[in-house]
Amino acid sequence: LARGQRRSVPAGAVVRRQDEVSNELFYLHEGLLRQTLITADGGEKVIGMVKPGCVFGEALFIHRCPALSNVIAVEASVVYSFSRPLMERLLATTPGLWAQIARSLSFKVRVLTTQIWIMTSDTSTMRVRKALYALTEGVASRTPIDLTQQAIADLAGVHRVTATAVLADLRRKGVVQSARGR
């Protein structure tokens, strides 16, 4: 981390914009980030979350292609960025670094494959529950995750009304807490 550029990112700030070509590789040190797509009708769809300890932007960095999603801070976060020239030097001299990037990419492929499997094989209720579990995995039990019911529905691939009903049932059972509309 000592070689990266440290950035403090306030909640709500954009870390990387959709359609930007990145010359940096990113690492989330603290906080929580949300990946979103802007849809053809101008709406926003949540497609993933970035948790502390995760590298992100690696596929874009390697392929030099525009980003397909925005990355936005859900809460105040600390992000380190590593420039292309620095990363090229580090990758040439640190063989284990490629292995770490490969692990990061393979984890993301597994998550995406699991999401596809869930959307094609589970009930809507189970999709919402699994989306909530994936969001909270590795997060302290009382750490709030600020997402709208629509964002949760987007992650689960269900209608907002379905996500709202599942969340209401989970609230009644004491599994989740929420504020109005969140």
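Start by selecting L28 and V79: L28 stands opposite V79, which belongs to β8. Strands like β8 are DSSP runs of E with at least two residues, while helices are runs of H or I with at least four, and both are numbered from the N terminus. You are looking at a predicted model, where local features need pLDDT of at least 70, side-chain atom pairs count only at pLDDT 80 or more, and totals for chains, interfaces and linings use all residues. Residues are numbered from 1 along each chain as its sequence is written, and side-chain values use heavy atoms, leaving out hydrogens and water.

**The sheet**

Now select residues 24-30 and 77-83. These are β3 and β8, antiparallel strands joined by 6 bridges; two strands pair if DSSP finds at least two bridges between them. Elsewhere along β3, E24 stands opposite S83 of β8.

Next, add β6. It is antiparallel to β3, with 2 bridges joining them, and F26 stands opposite F56 of β6.

Show β1 as well, and you have an open sheet of 4 strands in the order β1-β8-β3-β6, with antiparallel pairing. Why is one side of β1 (5-9) and of β6 (55-56) left without a neighbour in the sheet? Both stand at the edges and each has a single partner strand, so one side stays free of a neighbour.

Bring in residues 84-93 next. This is helix α2, which packs on the sheet and touches β3 and β8, its direction making about 75° with that of β8. Contact here means heavy atoms within 4.5 Å; axes are lines fitted to C-alpha atoms, for helices over the stretch in contact, and angles run from 0 to 180 degrees between N-to-C directions.

**A pair of helices**

Move on to α5 and to residues 160-172, helix α6. The axes of α5 and α6 come within 8 Å and cross at roughly 105°. The two helices are therefore roughly perpendicular to each other, a label for angles of 65 to 115 degrees.

Which residues of α5 and α6 make the contact? Select Q149, Q150, I152 and A153 on α5, then R160, A163, T164, L167 and R171 on α6. The residues of this contact divide into 4 nonpolar, 3 polar and 2 charged. Ala, Val, Leu, Ile, Met, Phe, Trp, Tyr, Cys and Pro count as nonpolar, Asp, Glu, Lys and Arg as charged, and the others, including Gly, as polar.

Key: Parallel < 35°, antiparallel > 145°, perpendicular 65-115°, else oblique.
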